[in-house]
Structure formats: C-alpha cells, structure tokens
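Biologist: Got a minute to go through this one with me? I'd like to take it piece by piece.

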Amino acid sequence: MVRFFPNPYEDYKKGASLVLDKNLIISQINEHTKNITKRLLPQRKNVDGGLYVGITGVSYMFYYLSKNPLLSSNKSSYIEKAVEYLTPAIETSAGDKTSFLLGDAGTHALAAVLKREIGDETFSDHLKTYKSLYGQYLNPKFLKCGGDEFFVGRAGYLAGALWASRELQAQIFTNEELYKICDVIIDSGREYSRKHGSSCPLMYHYYNTEYLGAAHGISFILQMLLSVPGYLQHNKSAANDIQCTVDFILSLQTEEGNWPCCMEEIGLPEHKLLHWCHGAPGTVYLMAKAYLVFKDEKFCNACIKAGEVIWNKGLLRKGPGICHGVAGNGYVFLVLFRLTGDEKYLYRANSFAAFISTDEFLRDARLPDNPESLYEGTAGTVCFLADLLVPDNAAFPFQDVYY
C-alpha cells in the first residue's frame, strides 16, 4: 500500500520569484473554519480528546487565528468562537486531569490564556488549577504506562507551562520548579536506560514501546529539556546526557532522511511512517532545537535531509491534519524556511498547502476519525495555512523551536 500521493509539483528553481497568493490562503482558512463550526459543535459530548481531537483544539485554532496580524479584521469574532468552543470543555472533564494534550491540563492552560485575553479575571483560577497539578508529576511512578511523553506525561506539562508563560508574558513557575520536573524526567530516562541496556544515557517508553518520534517518544521529551531556560547550565551532568542522547537520535537518521518509529525498528530495510507523530516530520523539531542550542551544523543538515524525504513522500493519503497528514509535513518546510532563510522551503510549504485543495486529494485522501480536530483534522490545517501567511513566525502548535 502506498501511503502517499506522488508529488505533482516541480521543485523550486533557484532565483525564481515566489509570490504567495495570500487572498487565496485567507479564503481557504475561511472555508475551513465555516465547515468546522458547522460540523463540530461546541457541546459537552465533543470535549473528549482534549486539545488533540476534542473541541478544546478548535478553541485553540480560533485563538491562534486571533493572533495573526493578517487576519486582524476578524479578531473579535475569532476570540468569541474560541470562548464558545472552550466553555463546554471547562464545564466537563476531557478525562484525565493531568494530561496536557488529551485531558484537562491543556484545557486549563488554554483557558488561562484566553480569559486573560478577554480581560476575564477568572483566568487566574485556571492558572491555579494548572499549577495545582505540579506535584503529581514529581512522583517518579506518576504513570505506569510511561509518564514522560507529550500526550499525557511530564513533557506535555512542560510544553503547556512554557507556552502559557509566553502567551501571558509572565513566569508561571520559578526556574527551580521547572528544573525539578526536568530532573525527574532525567532520572526516569537514566533508570529506564540502565535497566534495558540502552545505547544512550536516556531512554523512555510508552506502553513498553521505545518510541523515537514526537507524539509519544523521546524526541519531544528531549526538545522540552532543551527548551527550559537555563536547565543545561543548572544541571551539567543532565546536560551531558541530553547531548549524548540527541547525538544518538541523530545517528539513527536513515540514508533517505527519515527516522525509525521506535527502537525495535532500527535496522529494518525501510521506515514507512513519515508523520509528525512517528518519523522525520516530528523528529525534525528536536534537530532544529539542537541546532539552535548547540550551534552545530550537523543538526541543521539533518533537518535539510529530512526535508528532502518529506518533499518526495510527504503528501500523505491519511488526510490534511498535522499529526499524520499533509499539513503536519508542510509545517517542516516552514521550520526549514525559518532556519535557513531559503525561499525553496516557503515554495514547498505553499505547494503542500495547495495540494490539500486539489480534486485528487479531496477525492482520494482518507477521512480522519476526527475530521475537524486540531491534530487529526482541518483545525490543524487552518493553523498551518495561517502560519503560511506569516512564515517568519511560523511554529507547530506547542513546539516552537525558537523558545
């Protein structure tokens, strides 16, 4: 089974003039948001799945649009919609209280930011609720399934704290509090690595699988450890283990430019998954962050190499989303554009955006399980299109390598 559409676009010719049709992109955003509000209603029954596939993710999308300078004429209606979609999520639990991406932690982080934006004083209550979860992550046995990853674990909580701090322009946790969580992640990774004889100082599992990608894997965990301000200086032995482990992940990049999905797949002749969740399109953010932190060209080269396989095989049949769809792969080119300044990547991102509207894609792509959601569906596509309008500030949700 072929997982991707053949890329119908010629690659960028150096020196060619690149003009983005911003009006067309804005009309696509308008079309998608109209369909989302028609098909996925802000009701309690749609809260499950949190930011990942629930209505909290649609609220995030509207908030994200409200911040875009090229869409400022719609700012107040975007904010109104963001509040409307978040309200049922505040009133009912998404399931797990401590999960950032799938549960209530993400809802409270977004509620704090959104309510502050509209001048609602209850924003501080949501911030308090987010902070009140802190102690649970310090428990080494916090989650048996693997408490360090993005969706339900410590890395997700850190991502939410760093994101909310940026949006609120206020320090939510002291550096010492953030360092404590990082220390627990380091201890957890060292212990697991030691017990399982891993090839690098830090290793993690999720349901006993050693994932490498962004969704449940080590690349997102390492990116967050590199993102907490001052942590590498604060804990030198942790810094050494982080750098060794990042180097190890770099060494696993295949000749083609992809990464294995998990440690068990190292050495297989082919690695077919080319998604943000598993493979190069998510691991590239770790490499980009490592490049910005360590200033070593080998990490930038890894990103460029990943960009080639994504250009060739990244028009996924799985749908338009950012987790395992075309928009998520298109986002890589926006990161590469910011890293290198090369217009080729802006051209490629624009090509991926254009493909989502083609007859071939609309006819033959699979409908995701949650077609309007932030990570699986068109709400994520909308964030990608909005970032295409302002590529100098483009950033995958909760994963901005420049912070």
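**Helix, cysteines and an annotated site**

Modeller: Sure, and keep in mind that this is a predicted model. Let's start with helix α12, residues 236-251, which has 16 residues. From its first C-alpha to its last it reaches 23 Å, close to the 22 Å expected at 1.5 Å a residue.

Biologist: Which elements cover the buried residues of α12?

Modeller: The buried residues of α12 include A238, D241, I242, F248 and L250. What covers them includes α9 (175-195), α10 (218-227), α11 (231-234), α13 (280-294) and α14 (297-313).

Biologist: On to A159: what does it touch, not counting residues up to four places away in sequence?

Modeller: A159 is part of helix α8, residues 154-168. Its relative accessibility is 3%, so it counts as buried. Its C-alpha is 9.8 Å from that of L225, with the two positions 66 residues apart in sequence. As for what A159 touches, that's F150, F220, M224 and F398.

Biologist: Now the cysteines. How many disulfides does the count come to?

Modeller: A pair needs its sulfur atoms within 2.5 Å. The sulfur of C262 is 4.5 Å from the closest cysteine sulfur, in C261, so that's too far for a bond. C300 is in no disulfide either, as the nearest cysteine sulfur, that of C303, is 5.9 Å away. The count comes to 0 disulfides.

Biologist: Is C300 buried or exposed?

Modeller: The cut-off for buried is under 20% relative accessible area. C300 has 6%, so it's buried.

Biologist: Where does the UniProt "binding site" annotation fall, that is, which residues does it cover?

Modeller: The annotation comes from an unreviewed entry, so I'd call it a record's claim; it may be inferred rather than shown by experiment. The residues it covers are C277, C323 and H324.

Biologist: Why do they gather at one spot?

Modeller: They span 48 residues in sequence. Yet they gather at one spot because no two of their C-alpha atoms are more than 6.4 Å apart.

Biologist: And which residues is H324 in contact with, leaving aside its neighbours within four places in sequence?

Modeller: H324 sits in the loop between α14 and α15, and C323 lies in that loop too. H324 is buried at a relative accessible area of 16%, and C323 counts as buried at 1%. With sequence neighbours set aside, C323 is in contact with Y52, H275, W276, C277 and Y375. For H324, the contacts are Y52, H275, C277, L316, K318 and E376.

Conventions: Residues are numbered from 1 along each chain as its sequence is written. This is a predicted model: local features need pLDDT of at least 70, side-chain atom pairs count only at pLDDT 80 or more; totals for chains, interfaces and linings use all residues. Side-chain values use heavy atoms; hydrogens and water are left out. Buried means under 20% relative accessible area, exposed over 50%, partly exposed in between (1.4 Å probe, protein chains only). Helices (H or I, at least four residues) and strands (E, at least two) are DSSP runs, numbered from the N terminus. The expected span of a helix is 1.5 Å times one less than its number of residues. Contact means heavy atoms within 4.5 Å.
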